[in-house]
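Hi there,

Here is the structure I promised to pass on to you. Have a look at it first, and then read on for what turned up in it.

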Amino acid sequence: MRRKTSLVLLALAVFFAALSPLLRWYAFPRLAKIPANQYQDMVLEAKDATLIDYNDGMKAKKVPKVTIVQTLKGNVEASEEIEKTAGKDVVVWDGLSYVVGPDGKMVSKIPERYIFDAHTQDPVHATGESVDGDPVKRVGIEFKWPFLTEKRDYQYFDAQARTSAPIHYRGTQNFRGIDVYYFEQTIPWTKVPFPKTMPVQGITPASLAKTGTTRWYTTVRKFWVEPLTGAPVYGEELHKEELRGGTLLGGRDKVTVFAGDVKMREDYIRHTVDLVKSNRTLVLLMTSYLPWGFLILGLLLLALSLWLEARSRRPAATKVEEPEPVTA
């Protein structure tokens, strides 16, 4: 009986020991994915910002607040179509960055389509990949870091400049009870396209091009990223835009279009931190808790199996017969 139990325990030990690496290296890459139908929005604010007033001689003025609403909506139909030829799970995000002035009127809006691998977050190049209607071919990440983010620099796509540049790992910090990696990217002054949708009726990028006036942009981009999920829990940008040269400025060399320290709104910070904490637990289950737990359980079962096997092989004690007394 002991030997049969020993064999069962040995089989269970092998099963759990084999399940440990399978869960970490096989199941995790296939289960940890961004849902194709995910929808998320975020509100950022730049308080005490500088904003151009197109109705008052195109002068830069101080305003109490500029609001940026960013939305990312998963396009399931488009992702399924791309997956037919991509050979992997693909996510398509239709994004919109909508900027509103203190009077509630639109300052700019830039649509974007971002196509990427559901697990690695690597860009997938397909028809429709674009920023503000312009086809692009991304290199590196955007919006989200990969699962199990590393302490290194990454290429990060800048939608304004339509190009990628390194975003540098600057150290590990604690943000509201979560250990996060801090990344920072600086985009130097760069000539960028005008948005296709302008806040003034009748003004288009084509009409602006005829004046010789150009648009320039620089930013310092900061992200605090939870490394297990690759999700930013907080973001901030020191953002500046200018119009330079041409007849539109009436002899001025340059005019500030927008300048401000753009930060996530407090209620969105709290929501993001809570969401990341719950997702972080799921990633830990697949990458640490369950693999190590199964491995330890397998070793314990193996030890118990060997102990029972050793006991079953031990010879049974024999009873010694006492000699009967000799009688005359």
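Let's begin with two strands of this predicted model: β1 (residues 39-53) and β2 (residues 59-74) run antiparallel and are joined by 14 bridges. If you would like one spot to look at, find T50, which stands opposite K62 in β2. In general, strands of a sheet pair through backbone hydrogen bonds, and they can do so in a parallel or an antiparallel way.

Now zoom out. Which order do the strands of the sheet follow? The order is β6-β5-β4-β3-β2-β1-β12-β11-β10-β9-β8-β7, in an open sheet of 12 strands with antiparallel pairing. Its edge strands, β6 (134-135) and β7 (154-158), each pair on one side only.

Two helices lie across parts of this sheet. Helix α2 (residues 76-86) lies across β2, β3 (90-100) and β4 (106-117), and runs at about 140 degrees to β3. Helix α4 (residues 266-313) lies across β1, β8, β9, β10, β11 and β12, running at about 140 degrees to β11.

Helix α4 also takes part in a nonpolar patch on the surface, whose residues include L7, W292 and L300 and together have about 960 Å² of accessible area. Both α1 (2-31) and α4 supply at least two residues each, but α4 gives the most, with 7 residues.

Is L300, a residue of α4, buried or exposed? L300 is exposed, because its relative accessible area is 57% and exposed means over 50%.

Enjoy exploring!

Best wishes

How values were computed. Residues numbered from 1 in each chain as written. Predicted model: local features only at pLDDT ≥ 70, side-chain atom pairs only at ≥ 80, totals over all residues. Heavy atoms only, no water. Pairing = 2+ DSSP bridges. Helix = DSSP H or I, 4+ residues; strand = E, 2+ residues; numbered from the N terminus. Contact = heavy atoms within 4.5 Å. Axes fitted to C-alpha atoms, helices over the stretch in contact; angles between N-to-C directions. Patch = residues over 30% accessible without salt bridge, like charges linked within 9 Å, V, L, I, M, F, W, Y side chains within 5 Å. Areas by Shrake-Rupley, 256 points an atom, 1.4 Å probe, with all protein chains shown as cover. Salt bridge = Lys/Arg side-chain N within 4 Å of Asp/Glu carboxyl O. Buried < 20%, exposed > 50% of the residue type's maximum accessible area, 1.4 Å probe, protein only.
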